[in-house]
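I open this notebook to keep a record of what I look up in the structure, one topic at a time.

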Amino acid sequence: MSGPTRIERLPRITGYDAVRAAGRNFERFSSLHQGDEDVRDYRQLPLEADPPLHSALRAFLVPFFSKGSLAPHQHHIDADARALIAPLAHSDLELVRGVGLPLVVRTIARLLDREGDIEEWASWGPSVWGDHDGRRDGTALLGFLERAVDEGAAGRGGRLFNLLAATPINGMVLSREEQIGVGSLLLAGGRDTVMNLISGIAWMLAMHPAHADAVRGDAALRATFIEETLRLTTPLGLMERIDRGDAAGNPATSPHVGLDFASANHDPATFTCPAELRLDRPASTPHVAFGIGPHACVGAPLARMEAHAVLGALLDAAPNGWQIVHCEAQYRTVDGREVPASFQRLVIAAR
Ligand code: HEM
């Protein structure tokens, strides 16, 4: 069992109000650093940048995730989810490698116009950093990114990498390392987090049959169910910030801090009985599973589209609901109860 990671050992900003305030205050809580130092030596962009580079890179990426850009992908995602789930309604269904992994790699491949890479990305397994006897490794991802950036420079990299190579950002074309940083974030952020959300949805359906029935009977509740699953699981629970001290010139107590989105989403002062899945939570206090402030998740509309596809397919495939056969997950303790945060393996079966 490995110990806490460097970011997990940092002092944390916790609680709903404090996390939201710090997330918005990028001048004090800067994102200009490089994380995952055990597996990469480049910054993931625009995540690990501050304005003005951050704003320009974000403006470049946002159109990829607009309603208009995503709309043509909807029916592919729905069809993939049904094709992965329906045939298994009469046997055990493994969510992590059997549904989440193939669904997310196919989706990102279509989005980036790189369908030839599906098998390679799937071969990395549930984490882009691989799983080599508990050791993380960024070599496979970097090898792919170097190739994709070279292909982009030659106009053969697919929509994103071609544009990355050719589009001036703040008047300058991005360096090779910066292009790698953008690609890395989309593959890491767009794959592993969504896979955990997909398993989270199945877990919640199986653990809360009454809620599953309510959602089955009222399609309008599906979005609420997904948002509650996002709040409860918070797939990206902790992000690093550099604390530059306050506006009055008082230095920070610790230069590096963890912005604890999970603690915000489980704050009992904001969410009554925070460990419970509730379909009637007030909309006035939205969760922060997709972050808050200038770095809030660019891919949230895509993640929600994939989540709806899986939820719909799971509901249709098993009219009496699902039960858990086997679960290997990491849990957080919320209000004295264990809530899953990430899944290594989840097997469910129709009731
Ligand atoms: C359930 C799925 C997802 C979750 C929980 C999630 C969570 C987050 C969070 C918490 C942040 C903010 C990090 C911070 O403030 O430091 C973020 C940023 C980001 N996410 Fe996601 N994400 C998900 C899916 C996706 C997908 C599908 C993509 C794209 C394919 C994506 C791309 C990004 C990008 C590019 C940023 C950086 C935005 C910026 O710095 O301006 N994410 N995500």
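The entries below concern a predicted model, and they go from the ligand outwards to single helices and residues.

**Entry 1, the iron.** I began with the iron atom of the ligand and asked which protein atom serves as its donor. The only one is SG of Cys 297, at 2.3 Å. I then traced Cys 297 to its place in the chain and found it in the loop between helix 13 (261-265) and helix 14 (300-317).

**Entry 2, the shell around the ligand.** I counted 29 residues around the ligand, of which His 54, Arg 58, Arg 241, His 295 and Cys 297 come nearest. By class I noted 20 nonpolar, 7 polar and 2 charged residues in this shell. Which elements supply at least two residues each? I listed helix 3 (53-61), helix 10 (176-207) and strand 6 (238-243), and I noted that helix 10 gives the most, with 7 residues.

**Entry 3, polar atoms at the ligand.** I looked next at the oxygen atoms of the ligand. For His 54 I found an N or O atom of the side chain at 2.7 Å from a ligand oxygen, and for His 295 a polar side-chain atom that lies 2.7 Å from an oxygen atom of the ligand. With Leu 47 the backbone is involved, since a backbone N or O atom of this residue lies 3.5 Å from a ligand oxygen.

**Entry 4, helix 3.** Having met His 54 at the ligand, I checked the burial of helix 3 and found His 54, Ala 56, Leu 57, Phe 60 and Leu 61 to be its buried residues. Their cover includes helix 9 (158-166), strand 4 (168-169) and helix 10.

**Entry 5, helix 2.** In helix 2 (residues 16-24) I found Tyr 16, Val 19, Arg 20, Ala 22 and Gly 23 buried. Why do they lie on the same side of helix 2? They do so because they cover an arc of only 170° around the axis. I also asked what these buried residues pack against, and I wrote down strand 1 (12-13), strand 2 (29-30), strand 7 (256-260) and helix 13.

**Entry 6, Glu 27.** From helix 2 I moved on to Glu 27, found in the loop between helix 2 and strand 2. Is Glu 27 buried or exposed? Its relative accessibility is 63%, and it therefore counts as exposed, the cut-off for that being over 50%. I also looked up its separation from Asp 246, which is 219 residues apart from Glu 27 along the chain, and the C-alpha atoms of the two are separated by 9.1 Å.

**Entry 7, His 73.** I placed His 73 in the loop between helix 4 (67-70) and helix 5 (74-85). At 12% relative accessibility His 73 counts as buried, the limit being under 20%. Leaving aside neighbours within four places in sequence, I found His 73 in contact with Arg 110 and Leu 111. I also looked up His 73 and Thr 272, which are 199 residues apart in sequence and 37 Å apart in space, C-alpha to C-alpha.

**Entry 8, Asn 196.** I ended in helix 10, where Asn 196 has its place. Asn 196 counts as buried, with a relative accessibility of 13%. Setting aside neighbours within four places in sequence, I recorded contacts of Asn 196 with Pro 235, Ala 341, Ser 342 and Phe 343.

Note on methods: Residues numbered from 1 in each chain as written. Predicted model: local features only at pLDDT ≥ 70, side-chain atom pairs only at ≥ 80, totals over all residues. Heavy atoms only, no water. Donors = N, O, S within 2.8 Å, 3.2 Å for Na, K, Ca; no water. Buried < 20%, exposed > 50% of the residue type's maximum accessible area, 1.4 Å probe, protein only. Arc of directions from axis to C-beta. Contact = heavy atoms within 4.5 Å. Near = heavy atom within 4 Å. Polar contact = N/O pair within 3.5 Å; in protein donor to acceptor, adjacent residues only side chain to side chain. Nonpolar A, V, L, I, M, F, W, Y, C, P; charged D, E, K, R; others polar.
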